[in-house]
Amino acid sequence: MTRRSSPAARIGKAVAVTALLAFTLFPIYFMLSTAFNARAASGTDALLPTHWTFEHFTTALTDGHFTTYMTNSAIVTVVTVLVSCGLALLGAVAMARFQFSLRTTVLVMILVVQMLPAEALVIPLFLQMKDLRMLNSLGGLVLVYVAFSLPFAIWNLRGFVAAVPRELEEAAYLDGCGWWQMFRRVLLPLVWPGLVATSAFTFVMAWEEFTFARTFLNNEERMTVGIGLQHFFGQNVNDWGGLMAASTMVTIPVVIVFVLAQRRLGSGLVSGAVK
Amino acid sequence: MATSLDEPAAPARVDPAARPRRVRRSRAARPWLLLAGPLLVIAGLLLYPIVRVTVLSFQRYGLKEVISGKPEFIGLDNYREALSGDYLWKTVLPNTVVFAAVAVAGTVVLGTLVALLLQHLGPRLRALVIGSALVAWALPAVTGTYVWVWIFDPDSGIVRRTLIALGMLDPEGFNWFTDRLSFYAIAVLNVIHHGYPFIAITIFAGLSTVPEELHEAAKLDGANAWRRFWSITVPLMRPVFAVVTILSTIWDFKVFAQIYLMPGGDGSNPDVFNLGVWSYVSSINQNKYGLGSAIAVLLTLVLLVITMIYVRALFREDELQ
């Protein structure tokens, strides 16, 4: 198709690509140019990086407490990913490999709980955590994030488990493996790509979650990055340079995870969301 | 793409009756053993809270009741308060529904156009467009919202400064965040920017399953690109379009951080609340947990209806058994 296109079509395509890239990348460019610019107080001055500086980053890390916030978020995220993916793998194997009564019911339930809005869950969970004195506890946050990410993780992994040929499992049994041995030596390595994709989605959810973190945490020492950003809004003056520098630091891990998981992400999405 | 969601049970290799009873029973228990952990977490932290929020919605539950721990059952009073008066019907519901409709339409249309564009690009440009879309997708909702707030900052934002320099705006400027139409226009821009990459990449993957021969044959019959899109691509891709549209609808109905983090969205400007923000501000900010729960239940019911349509769409594709 490309080779037969007329000059008009080629110009149209070039315009479309340029407009799309401008819309897609401008906010990201503007975030970076503000973060590195000493004259970040005005939007028009911040547009071109004429006065390079790392000062906003150092301020964000020290005065802005971002060293603490990033550490808290990293702990919460890593524990959530490990627990959630472990549980989801067990659930996915059960859903994809066993026939049992109520199976369809469990499947529909998993699908339906994915739509529950955080705004509805946050009220009872807040009151519950308050009763249990688990507000300001990173453990409480992990518990909620695991629950929140689990339905999608099971749903997503299920497709990957179902794609592993049954014959391989049977062969392992014939070779004398027990179920756990088969699970560890055959199933686990083959579902690894699915685990990578699922971990990526769980990572992103836990890293940038806002609603529960905003509700559960009010102790500076315990805050995560999602709510830490609001500290750059002052009574009268907003520290846009610091805010954009901190935003950049929050964004980088997510971009890295997306790039690392990129190929798996596509397959995971298609099998998880579409198939 | 339309392969079945799961395979039917493979016939048992060994006649189960020939196995000792103990083995059979342990095999029947195994799926539940595997599901025990996940189901426990889901039941305790998703299903129980939904029951509790429903109970709360029928109670008076304010600061006093939080302390005493003895809420009073008041029937439908919270619902009556939420549903009566103009606020829900003239402000919150339009904010929720019109925003979701515009954002979903915008995201799906842009995502589809980008997917079609990707098909007509060489490998290098294609990688560039997909790569930048991935970065936009990776930009966290929280930071993305702050960047859009910065771009439209009524005081020193780039849009204001540029418009004033061009003489298109009076020097006293204009606060886009107090007017609800411009507030939501910015929110739509934010949500489309964040949401279109998922749709574009999913539809692009789906497009590769449409046989090229169909397009060639239609071209020989004199069908132009517009006609071919509606007569070939859309019918064949119907399941993919259905899924991305319904998923976007669910996401855009319960959008929270993107509204809450914009100036005024955190409670100071009731003109811009949607159902989720109204529920949150009523309960968490104002300690009216009963009223907030009633609003949350209403939001959940709306989402439940959309989800039922989604589940039925999946069933109809004969993929879920």
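Visitor: How many residues does each chain bring to the contact between chain A and chain B?
Guide: In this predicted model, the contact takes 81 residues from chain B and 81 residues from chain A, where two residues are in contact if their C-beta atoms, placed from the backbone, lie within 7 Å. Local features here need pLDDT of at least 70 and side-chain atom pairs count only at pLDDT 80 or more, while totals for chains, interfaces and linings use all residues. Residues are numbered from 1 along each chain as its sequence is written, and chains are lettered from A and ligands numbered from 1 in the order in which they are written.

Visitor: Which helix gives the most to chain B's side?
Guide: That is helix 1 of chain B, residues 21–56, with 15 residues on the side that touches chain A; helices (H or I, at least four residues) and strands (E, at least two) are DSSP runs, numbered from the N terminus.

Visitor: And what classes of residue are on that side?
Guide: The side of chain B that touches chain A has 53 nonpolar, 20 polar and eight charged residues. Ala, Val, Leu, Ile, Met, Phe, Trp, Tyr, Cys and Pro count as nonpolar, Asp, Glu, Lys and Arg as charged, and the others, Gly among them, as polar.

Visitor: At what angle do helix 1 of chain A and helix 5 of chain B pack?
Guide: Helix 1 of chain A (residues 7–35) and helix 5 of chain B (residues 123–138) pack at about 30°, with their axes 9 Å apart. Axes are lines fitted to C-alpha atoms, for helices over the stretch in contact, and angles run from 0 to 180 degrees between N-to-C directions. The two helices are therefore roughly parallel, given that angles under 35 degrees count as roughly parallel, over 145 as roughly antiparallel, 65 to 115 as roughly perpendicular and the rest as oblique.

Visitor: Is that crossing left-handed or right-handed, and which residues make the contact?
Guide: Helix 1 of chain A passes helix 5 of chain B in a left-handed crossing; a crossing is left-handed if the near helix is turned anticlockwise from the far one by less than a right angle, and right-handed if clockwise. Among the residues making the contact are Leu21(A) and Ile28(A) from helix 1 of chain A, and Val129(B) and Ala133(B) from helix 5 of chain B. By class, this contact has ten nonpolar, two polar and no charged residues.

Visitor: Switching to chain A, how is it divided into domains?
Guide: Chain A has domain 1 (2–47) and domain 2 (65–274), with bounds that come from an automatic or database domain assignment. Their centres, taken over C-alpha atoms, are separated by 32 Å, and the contact takes seven residues from domain 1 of chain A and six residues from domain 2 of chain A.

Visitor: How do helix 4 and helix 9 of chain A pack?
Guide: Helix 4 (residues 66–97) and helix 9 (residues 179–208) of chain A pack at an angle of about 140°, with their axes 9 Å apart, which makes helix 4 of chain A oblique to helix 9 of chain A. Their crossing is right-handed, and the residues of the contact divide into eleven nonpolar, seven polar and no charged.

Visitor: What is the mean pLDDT of chain A?
Guide: The mean pLDDT of chain A is 88, and 93% of its residues reach 70 or more; pLDDT is the predictor's confidence in each residue, from 0 to 100. Over residues 267–275 of chain A, however, the pLDDT is below 50, and this stretch has 27 contacts in the model beyond near neighbours in sequence.
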